[in-house]
Amino acid sequence: MEQVKISILMILFGIFIYSEAESQLKIDNIYFEQKDVFDSTQSDWFFAAPLLNALHTNTRNYIVRDELLFESNQWVEEELLFETERNLRQSGLFTNVRIELDSVGEDRYDAYVITQDRWSTYPSALFGTGGGENTYGFRMEEFNLAGFGTYIAGEALHRSENGIGWQGAATLTQPRLFRSELMLTAGILAHEKRTTQSFAITKPYRTTYTNFAYGVNAENTFGSDYMYLFDQSSYTLLDFTEKKAQAWFSKAWDKKDRIFFTGLVEYHDVNRSNIYDPVSKKYSSTARAFDNTGKIIAAFSSIDQNFYSTTKLNSYFVEDMTVGGWGTAILGKFFPIGSKGESYYYVAGKGEMSHYDGINYIFGSVVGASAFETGRSVNTYLEFQGKAFHRFNSDLLIALNLRQQTVWNWFALRQLIIDNDYGMRGYPVNYLSGDNRIIGNLELRYFPDWELSVFKLSGVVFYDFGSVWEQQTPVYKSKLHNSMGLGLRFHFTKSPNENHVFRIDVGYNFDDMKIGGIVFTTSQQFSAFTNHLFKLPKIFGLDFDYE
């Protein structure tokens, strides 16, 4: 009898081993095929293509190798091939990525990693208009410096908004510092009224197999913020200096339904000027919530991710859409820095869910957060975000974007704006402001595959609505503002970057009953979907629209 039991166990073990082997395949050799930006077999080939290919340095072979999640002479799960494709697409270095397998025996394959470089050098003459304001200037961007995957950019921009004038900016990103897991980002933005300097080194969760992530970042900002009193023609300047530094560490478990524990510490020191009230003839504080506090935060999170490759939602390129869910619970202790800060306990939670059946998509996110001080809740925040789309066919869809933000017992300064820049096309810049806000956008998008040299065209019919109100005002007493109009998109075929979609919108303002000007800018007004990704714990409700 004992021998029979052992035989049965051996059979069951053999079935288990066989099923495991069936889910894997053997990679014998790996071959790399890197295509030029312009390919003579594609429709956008033209007379200057050979010269442009010669001027562009293709991505170094090791950049592609560093993203591979499999090796030669190794048994691998097929999902690793799909994830490698996604990671290479997300690098932003390529317009096309695919991994093809060539059978060389039973369950044995040679893998061909095929990539086509994107055009990476963008000297741009800048011109934009919308909401009664305009910008012009020059930007130089290099997304793949000498083929090393380094992003570097510089900008000089003249802005008519609030008489800001000339603005300069510079950014550097190195996704793999010295071919390590570390990412370096640094930047500076400055104009007459405001300067922001930032720096960060992080080890991100690059794959579903990454078990640890950590990072440090710092930001130094000084100058003046705009506080709008009634409309865009009436504001006051709030002088300030602000320093912020963070360090964090995160541990992950499991592969598909991942669980995270994240710890974060923050130092925040700020000095803000007071504002004079001509009615009371007194100065009042312009402090914001949780100014001058050190923070110790712990977050417990989980994520569920199912991956889909889509196209003709935001652009003509293949996009990776993550469907599933994300949830996080945040606990924190805040303590004062200097004499201005206060002591708080903090509790917050966020939940996201999405569903996709190939035709219909729906996404919802809810945030609830509050601080506690001497037995009472303060700075309580509620947010809802929703997205949805329905495909009528492969070229036509309708997409919805919605966001609502509300606070209670929020005694610090807040400013949320509705205007052309914040989702209300056809309205003047800095049109209205308040403590709470709701904004919605509805777009009918058409992707007809029309080509114009190195651009593909798409069209939009849109309807925008929104409102802002003070926290002491009931939402039903707030005025809803509306606009609608038409738009045209130019999609650059040699770059999947969202900023290389050039957008023209003409909006009709229902408040003034007139066309509110032509919007000329970059990127879609909103993405048709939101991916579920790991996120660092944060303090919710600190949004402040200053420009």
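E155 counts as buried, at 18% relative accessibility; buried means under 20% relative accessible area, exposed over 50%, and partly exposed in between (1.4 Å probe, protein chains only). Its partner R139 is partly exposed, with a relative accessible area of 25%. The two form a salt bridge, with their closest N and O atoms 2.7 Å apart. The term stands for a side-chain nitrogen of Lys or Arg within 4 Å of a carboxyl oxygen of Asp or Glu. This pair ties together distant parts of the chain: R139 sits in strand β6 (residues 133–142) and E155 in strand β7 (residues 151–159), 16 residues apart. Strands here (E, at least two residues) are DSSP runs, numbered from the N terminus.

Before going on, a word about the model: it is predicted, so local features need pLDDT of at least 70 and side-chain atom pairs count only at pLDDT 80 or more, while totals for chains, interfaces and linings use all residues. Residues are numbered from 1 along each chain as its sequence is written, and side-chain values use heavy atoms, leaving out hydrogens and water.

How confident is the predictor? The mean pLDDT (the predictor's confidence in each residue, from 0 to 100) is 89 for the chain, and 93% of its residues reach 70 or more. Over residues 1–22, though, the pLDDT is below 50, and this stretch has 0 contacts in the model beyond near neighbours in sequence. A contact means heavy atoms within 4.5 Å.

Back to the charged pairs. The count comes to 34 salt bridges, and here are three of them:

| Pair | Closest N to O distance |
|---|---|
| R139 and E155 | 2.7 Å |
| E161 and R159 | 3.1 Å |
| E373 and R376 | 3.4 Å |

E161 and R159 are both buried. In the other pair, E373 is buried at 14% relative accessible area, whereas R376 is partly exposed at 42%. There's also a network of salt bridges, linking R425, E443, R445, D464, R489, R503 and D505.

Now for some strands. β19 (residues 360–373) and β20 (residues 376–391) pair in the antiparallel sense over 13 bridges; two strands pair if DSSP finds at least two bridges between them. V366 has F384 in β20 as its bridge partner. The hairpin of β19 and β20 has 2 residues between the strands, and T374 there takes a positive phi near 45 degrees.

β20 is also joined to β21 (residues 396–408) by 12 bridges, again antiparallel. L382 stands opposite T406 in β21. These two strands, β20 and β21, form a hairpin with 4 residues between them.
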